[in-house]
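Got your viewer ready? Let's walk through this one stop by stop, selecting as we go.

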Amino acid sequence: MSLQGRSLLRAVVHLTILIAFLAGIGRAEAKIVVPPSGSVIEVDGATLKAVVGTFEQAEEAIKSHDLEKVMAIYSAQYNYHGLKKDDLRKIWKELFDEYQEIASTHLFTKMAKVGSGRDAVLEVTCTGHLWARSKTSGLYVPIDSWYEEIHYLVLEDGAWRIRGNVGESPRVLPFGTAPHPLF
């Protein structure tokens with residue numbers, strides 16, 4: 001893709017996120033989008049549908065504050081820069097205690113399978129955000145946002161689950177980089 005094409009794609013991604021955010025003001029609605037043009041989807045239709053389904057299931061679980069169903073989207077081997085699945089359980093519990101109407105937006109712009117068989121990993125490039133309404137103030141607040149973050153998913157028990165990062169985690173994240181452990 002040319003530099004001009006990438007710039008246009010970034011502009012479209014930013015505009016889509018802005019529109020999704022503005023459309024969600026006043027209510028928290030989940031949005032999972034795979035743009036029909038400009039996306040690089042290197043997996044079969046069934047895999048794409050399964051991955052989108054995984055994130056839809058996560059949204060339903062988040063909407064109903066069902067901690068067990070939320071945790072089911074994460075791999076048993078989850079590791080994101082040292083955070084493990086039990087750490088995420090605590091984070092989600094605290095979010096459910098503090099916020100209502102939690103929702104997220106996911107804009108998938110690339111999806112590729114790396115490896116094969118039991119060692120296959122899906123790399124899903126995503127831009128999005130997580131927001132909710134505070135139980136204390138009643139205001140909608142941003143919880144997290146990410147731009148072209150790569151979600152790593154592995155197949156476990158017949159379902160794609162979020163694995164965290166792949167390979168060794170750096171001891172310290174590069175300056176200006178924030179972790180995005182939830183998605």
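Start by selecting Glu 148, which sits in strand 7. Keep in mind that what you're looking at is a predicted model. Show the backbone here: the phi of Glu 148 is near 50 degrees, a positive value in a residue other than glycine. Most residues other than glycine have a negative phi. As for cover, Glu 148 has 34% relative accessibility, so it counts as partly exposed.

Where can you find another non-glycine residue with a positive phi? Go to His 81, where phi is about 50 degrees. This one is in the loop between strand 3 and strand 4, the latter being residues 83-84. His 81 has a relative accessibility of 29%, so it also falls in the partly exposed class.

**Back to strand 7**

Now pick Glu 156, which belongs to strand 7. Is Glu 156 buried or exposed? Its relative accessible area is 17%, and the cut-off for buried is under 20%, so Glu 156 counts as buried. Turn on the side chain of Ser 75 as well: a polar contact of 2.4 Å joins it to the side chain of Glu 156. To see what else surrounds this spot, add Ala 76, Gln 77 and Arg 161. Together with Ser 75, these are the residues that Glu 156 touches once you set aside its neighbours within four places in sequence.

**Strand 5 and its partners**

Next, colour strand 5, residues 99-114. Begin with strand 1, residues 31-33, which runs parallel to strand 5 and is joined to it by three bridges. Click on Val 33 and look across to strand 5, where its bridge partner is Leu 107.

Move on to strand 2, residues 40-42: here too the pairing with strand 5 is parallel, over three bridges. Select Ile 41, and you'll find Met 111 as its bridge partner in strand 5.

Now bring in strand 6. How many bridges join strand 5 to strand 6? There are 13, and these two strands run antiparallel. For a single example, put His 106 on screen with Gly 128 of strand 6, which stands opposite. Then follow the chain from strand 5 into strand 6: the two form a hairpin with six residues between them. In that turn, select Gly 115, which has a positive phi of about 85 degrees.

**Into the core**

Hide the ribbons for a moment and select Val 51, Tyr 74, Trp 92, Ile 102 and Leu 153. These residues have the most contacts inside the largest nonpolar core, which has 31 residues. Several elements give two or more residues to this core, among them helix 3 (67-71), helix 4 (85-98), strand 3 (74-80) and strand 8 (159-164). Which element supplies the largest share? That's helix 2, with six residues.

**Aromatic pairs**

Time to look at rings. A search of the whole structure finds three aromatic pairs, and you can visit two of them here. First, show Phe 55 and Phe 108: their centres are 5.1 Å apart with 70 degrees between the planes, an edge-to-face pair. Phe 55 lies in helix 2 and Phe 108 in strand 5, so this pair links distant parts of the chain, 53 residues apart. Both Phe 55 and Phe 108 are buried.

For the other stop, select Trp 92 and Phe 96. Their ring centres are 5.7 Å apart and the planes meet at 35 degrees, so this pair is tilted. Trp 92 and Phe 96 are four residues apart in helix 4, which means about one helical turn separates them. Trp 92 is buried, and Phe 96 is buried too.

**Zooming out**

Finally, bring the whole protein back into view. You can count four helices and eight strands, and along the sequence they come in the order α-β-β-α-α-β-β-α-β-β-β-β. The protein has 183 residues, and 39% of them count as buried. Switch on a surface if you like: about 10400 Å² is exposed, with carbon and sulfur atoms supplying 55% of it. One last number concerns contacts between residues at least 6 apart in sequence: 67% of these join residues at least 24 apart.

Notes:
Residues are numbered from 1 along each chain as its sequence is written. This is a predicted model: local features need pLDDT of at least 70, side-chain atom pairs count only at pLDDT 80 or more; totals for chains, interfaces and linings use all residues. Side-chain values use heavy atoms; hydrogens and water are left out. A nonpolar core is a set of buried Ala, Val, Leu, Ile, Met, Phe, Trp, Tyr and Cys residues joined through side-chain atoms within 4.5 Å. Buried means under 20% relative accessible area, exposed over 50%, partly exposed in between (1.4 Å probe, protein chains only). Rings of Phe, Tyr and Trp (its six-membered ring) pair if their centres lie within 6.5 Å; planes under 30 degrees apart count as stacked, over 60 as edge-to-face and the rest as tilted. A polar contact is a pair of N or O atoms within 3.5 Å; within protein, one must be able to donate a hydrogen and the other to accept it, and residues adjacent in sequence count only if both atoms are side-chain atoms. Contact means heavy atoms within 4.5 Å. Two strands pair if DSSP finds at least two bridges between them. Accessible areas come from the Shrake-Rupley method with a 1.4 Å probe; for residues, only the protein chains shown count as cover.
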